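Here are my comments on the model you sent round, set out as numbered points. Please read them with the coordinates open beside the text.

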Amino acid sequence: MPKFDFTSPHDHHHQLLLLLSLLLSATNTAPASATTTTNYQRFKEAPQFYNSPACPSLDTGGTNEMCSDQAVHVVMTLDVAYVRGSMAAILSVLQHSSCPQNILFHFIASATANHHHLYHTISRSFPSLKFQIYPYDSSAVLGLISTSIRSALDCPLNYARNYLANLLPRCLTRVVYLDSDLVLVDDIAKLAGTPLGDSSVLAAPEYCNANFTSYFTPTFWSNPTLSLTFAGRKACYFNTGVMVIDLQRWRQGDYTTKIIEWMELQKRMRIYELGSLPPFLLVFAGNIAPVDHRWNQHGLGGDNYRGLCRNLHPGPVSLLHWSGKGKPWARLDANTPCPLDALWSPYDLLQTPFALES
């Protein structure tokens, strides 16, 4: 791209015409195949991050490095609609880690997605990143999804977390599951090391002040057979966008089947309203290991209806989560950002189509 120096009105007009002709020329000479990728976003290359000297080696003695017990295994979903958020999340994880080269990423993408494009999007911005993409056949879950209060919550990929134990290699034991609309400002190894105790399958920040009953319908609470599900459990709301999961315990307890059974019941009699969260609450609420609230400052996207601006919860912050309708990249693009969206924007790797140099 040539440099433009707008020094006079005449030059300004002339060079605008030149710029327009260059853009038209590029459009007219683009190969036909390019029309299939015009909607894809392009991202800048991120800085390279290196381990500190104290980091353990991932040497596995010739076995698959993606199975290493010394690594922090991060699981995220990938799709074109949210990939900008995913890229920011990856960058934030690496930037604040003391052992970034020991973080292995496991991405779940719809089996019908363009995996070649997703792979190259990630590898262009993070050339040294160790990652794998796993196909998720959503046909099994399609018939189980009930419409909820916001259409985005009904996306089949939202339900991939139900099937992680089946989708990921059996050699993986502990993983950190992260949504795509968050950034970390602390070392993820601290979160990954959360004690799960003798029996907990997962750990997440709990919010016992939330109105837990509101997540289920009167039909649920008026049926003793159903409401007794929580008998003997101090059931509290937790957000499934940030979880530490023991996949071995998950498989041993066949928790995927337990979640699916609740979804099947939901199709017969409406017992909840909010997408993929309530089945997790039904199976796990009251039986999870606690995580400090600093690891999920959630709700920054506002509610599920209007997405209004929110403030941070009191206390320290290690992870900022734009759960809710309002996503920071959409509000920034619309020039209607919330104050806290300024904390997300430094991690945005989106590359603008062209830049005028002065």
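The points below take up the sheet, one glycine, the disulfides and the aromatic rings in turn.

1. The model is predicted, and the remarks that follow should be read as statements about that model. Its open sheet is built from seven strands in the order 3-2-1-4-9-6-10, with mixed pairing. Strand 3 and strand 10 (289–290) form the edges, since each of them pairs on one side only.

2. At the strand 3 edge, strand 2 (residues 103–110) runs parallel to strand 3 and is joined to it by seven bridges, and within this pairing Phe-105 has Phe-131 of strand 3 as its bridge partner. Helix 3 (residues 115–125) lies across strand 1 (72–78), strand 2 and strand 3, and its direction makes an angle of about 160 degrees with strand 3.

3. Gly-85, a residue of helix 2 (residues 83–95), deserves a look of its own. Its relative accessible area is 0%, so Gly-85 is buried. Once neighbours within four places in sequence are set aside, Gly-85 is in contact with Ser-180, Trp-329 and Trp-344. Trp-322 stands 237 residues from Gly-85 in sequence, yet the two C-alpha atoms are 9.9 Å apart in space.

4. How many disulfides does the model contain? The count comes to four, and with the bonded cysteines numbered in sequence order the pairing reads 1-3, 2-4, 5-6, 7-8.

5. The link of Cys-55 and Cys-99 has an S to S distance of 2.0 Å, and its torsion about the S-S bond is about -100 degrees, so this disulfide is left-handed. Cys-55 sits in the loop between helix 1 (9–29) and strand 1, whereas Cys-99 sits in the loop between helix 2 and strand 2, 44 residues apart. Cys-55 counts as buried at 14% relative accessibility, and Cys-99 counts as buried at 17%.

6. The sulfur atoms of Cys-67 and Cys-171 are 1.9 Å apart, and this link, at -65 degrees about the S-S bond, is left-handed. Because Cys-67 belongs to the loop between helix 1 and strand 1 and Cys-171 to the loop between helix 5 and strand 4 (174–178), the disulfide ties together parts that are 104 residues apart in sequence. Cys-171 is partly exposed, with a relative accessible area of 31%.

7. Cys-208 and Cys-236 are joined with an S to S distance of 1.9 Å, and at 100 degrees about the S-S bond their link is right-handed. Is each end of this link buried or partly exposed? Cys-208 counts as partly exposed at 39% relative accessibility, whereas Cys-236 counts as buried at 4%.

8. The structure holds 22 aromatic pairs. In one of them, the rings of Tyr-136 and Tyr-163 have centres 6.1 Å apart and planes at 40 degrees, so the pair is tilted. Tyr-136 lies in strand 3 (residues 130–136) and Tyr-163 in the loop between helix 4 (139–142) and helix 5 (164–167), so the pair ties together parts 27 residues apart in sequence. Tyr-136 and Tyr-163 are both buried.

9. Trp-250 and Phe-284 form a tilted pair too, at 5.4 Å centre to centre and 40 degrees between the planes. This pair links helix 9 (residues 247–253), which holds Trp-250, to helix 11 (residues 277–284), which holds Phe-284. Trp-250 is buried, with a relative accessible area of 2%, and Phe-284 is buried at 3%.

10. Two further ring features can be checked: ring pairs link Phe-212, Phe-216, Phe-220, Trp-221, Phe-230 and Trp-262 into a cluster, and Lys-258 lies over the face of Tyr-255, at 4.4 Å from the ring centre.

How values were computed:
Residues are numbered from 1 along each chain as its sequence is written. This is a predicted model: local features need pLDDT of at least 70, side-chain atom pairs count only at pLDDT 80 or more; totals for chains, interfaces and linings use all residues. Side-chain values use heavy atoms; hydrogens and water are left out. Rings of Phe, Tyr and Trp (its six-membered ring) pair if their centres lie within 6.5 Å; planes under 30 degrees apart count as stacked, over 60 as edge-to-face and the rest as tilted. Helices (H or I, at least four residues) and strands (E, at least two) are DSSP runs, numbered from the N terminus. Buried means under 20% relative accessible area, exposed over 50%, partly exposed in between (1.4 Å probe, protein chains only). A charge sits over a ring if NZ of Lys or CZ of Arg is within 6 Å of the ring centre and within 35 degrees of the ring normal. Two strands pair if DSSP finds at least two bridges between them. Contact means heavy atoms within 4.5 Å. Axes are lines fitted to C-alpha atoms, for helices over the stretch in contact, and angles run from 0 to 180 degrees between N-to-C directions. A disulfide is a pair of cysteine sulfur atoms within 2.5 Å.
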